[in-house]
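Colleague: I am new to this structure and would like a close look at one part. Pick a strand, start with a residue in it, and follow the trail to the empty spaces around it.

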Amino acid sequence: MQHVDIGIVGGGIVGLTLAAALKESSLSVAIIDKHPLSTALGEKPTARVSAINQANIAALQTLDAWTHLQKDRANSYVAMHVWDKDSFGDIHFSCEEMGSDALGVIVENQALINALAQSVESQSNVQVFESGIERVLSGPNQNMVMFDNNDALSCRLLIGADGANSFVRQQAGFPITFKDYEHTAIVANIKTALPHENVARQAFTPTGPLALLPMADPNVCSIVWSQTPDAAAKLAAMSDSDFCNALTAASNSILGTAELETKRSAFPLTMRYAREWAKDGIALVGDAAHTIHPLAGQGANLGMQDALALAELLIQLSNEGSDIGLHKNLRPYERSRKTEAMKMIAAMDGFKLLFDGDDPLKKLIRGVGLAATDKVGAIKQAFVSHAMGL
């Protein structure tokens, strides 16, 4: 039987960010994941990427994880272009408007995980357990984690960073609110005839938004095409060439013709929100606590901010000699981050409602709203600032 202060279930971006943020603390940490933390990257980038904002980039630099990032798997984007395909609505954001070199970075998820893992594995206060979990036994002062290889680990605080279908959340009995977004996201990498010029683009179509995220190759973008289930099924049934033709049409040929660099994958989009994020001995972070629509690309950023906020609180509690597992002491984290997640969920719901469909009144409102935002400096700057996480 081994004991640590904190057990983090999940070795993804959020779980590793939390472990890295605890590097200067006296707390002992275990990372538990049935898969190896690092995975060798293939010759070509995969389509699973995240748009990391400037606030989280700064945090990763402070945590010394950014220096380990394989630079050809990340690309800074300097501008954003958003438009409504069937109306006059159009808006441009630029890093120059914020006096910055970039708005953020498009990074391959596994590349960021590898960088965080390299940083975390060098920490003297971290152990890694490459095991699945059979069950969690929660007592008044300890959690007992039973592994599928018959080993066990005890910890004062068990943290679920294990994704949307969190085993920790289920074991803790935390109820969730969920809603089907009635969208399916199609994800792939494409090669375009015209260079992307490091601009992140998003087109709102009547059946859902299409995001074109610029990769390190000047002619490669990662796409996230969120469509109604019927529209997504039709796209999935198309040949590669027909799919690329439909994609070119949906994007108004803004980058010319396209061809697929990777296979297409698709997954349904669901909003989830845990109604409890903590109790004595257990807390949730990231997708274990909330999942949102990817139309604004804020899911990973929101989860990383959960991890950083929780780490800050745990270090404070430890320095004070307070109990890190007591729910009363975890409440400041739970209250603040639940509020931020709820704001983001509400914003995504509002965007989806406004930009869904081809109702003439909605189209007029969208057009006027985007055009006005593009012209009014203070509003536009607020949007850019939020996108950067500042």
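Modeller: Start with E182. Its relative accessibility is 52%, so E182 counts as exposed, the cut-off being over 50%. This is a predicted model, so read every value as computed. E182 sits in strand β12. Its phi is positive, about 55°, although E182 is not a glycine.

Now widen the view to the strand. β12 runs over residues 176-192 and gives two or more residues to the lining of the second largest pocket. β12 also supplies at least two residues to the lining of the largest cavity. That makes the strand a good guide to both spaces.

Take the pocket. The second largest pocket has a volume of about 200 Å³. Its lining counts 17 residues, and K44, P45, M215, D217 and V220 are the closest to the centre. Besides β12, two other strands give two or more residues to this lining: β4 (74-77) and β7 (104-108). What is the make-up of the pocket lining by class? Charged residues number 8, nonpolar residues 6 and polar residues 3.

Two of those central names lead to R73. K44 and P45 are both in contact with R73. Leaving aside neighbours within four places in sequence, R73 also contacts L41, G42 and E43. Further along the chain, R73 touches I106, V107, E108 and A111. Is R73 buried or exposed? At 7% relative accessibility R73 is buried, because the limit for buried is under 20%. R73 lies in the loop between α2 and β4. β4 is one of the elements that give residues to the pocket lining.

The other side of that loop is helix α2, residues 54-62. Q54, N56, I57, A59 and L60 are buried in it. N53 caps the N-terminal end of α2. A side-chain oxygen of N53 lies 3.3 Å from the backbone nitrogen of A55. After the helix comes D64, with a positive phi near 65°.

Return to β12 for the cavities. Rolling a probe the size of a water molecule over the atoms shows where empty space is left. How many cavities of 30 Å³ or more does a search of the whole structure find? The search finds 2. The largest has a volume of about 40 Å³. I190, T192, L212, L247 and T248 line it, together with S251, I254, L255, G256 and A258. β12 and helix α6 (240-250) each supply at least two of these residues. The lining holds 6 nonpolar and 4 polar residues, with no charged ones. Compare the pocket lining, where 8 residues are charged.

The second largest cavity also has a volume of about 40 Å³. Q202, P209, L210, A211, V224, S226, P294 and L295 form its lining. Two strands give two or more residues here: β14 (208-214) and β15 (220-227). β14 has the largest share, 3 residues. By class, 6 lining residues are nonpolar, 2 are polar and none is charged.

Two more exposed residues are worth a stop. N150, like E182, has a positive phi without being a glycine. The phi of N150 is near 75°. N150 is found in the loop between β10 (143-147) and β11 (152-160). Its relative accessible area is 73%, so N150 is exposed. E130 is exposed too, at 53%. E130 has its place in the loop between β8 (126-129) and β9 (133-138). Which residues does E130 touch, not counting those up to four places away in sequence? They are D33, K34, H35 and P36. E130 and I32 are 98 residues apart in sequence, yet 6.1 Å apart in space, C-alpha to C-alpha.

Finally, set the part in the whole. The chain has 390 residues, and 52% of them are buried. It has 10 helices and 20 strands. Among contacts with a separation of 6 or more, 74% join residues 24 or more positions apart. The accessible surface comes to about 16700 Å², and carbon and sulfur atoms hold 53% of it.

Notes. Residues numbered from 1 in each chain as written. Predicted model: local features only at pLDDT ≥ 70, side-chain atom pairs only at ≥ 80, totals over all residues. Heavy atoms only, no water. 1 Å grid on protein atoms, 1.4 Å probe; cavity = no way out; pocket = protein on both sides within 12 Å on 5 of 7 lines; lining within 4 Å. Points joined across faces, edges and corners; volume = space filled by probe spheres on them. Helix = DSSP H or I, 4+ residues; strand = E, 2+ residues; numbered from the N terminus. Nonpolar A, V, L, I, M, F, W, Y, C, P; charged D, E, K, R; others polar. Buried < 20%, exposed > 50% of the residue type's maximum accessible area, 1.4 Å probe, protein only. Contact = heavy atoms within 4.5 Å. Areas by Shrake-Rupley, 256 points an atom, 1.4 Å probe, with all protein chains shown as cover. Polar contact = N/O pair within 3.5 Å; in protein donor to acceptor, adjacent residues only side chain to side chain.
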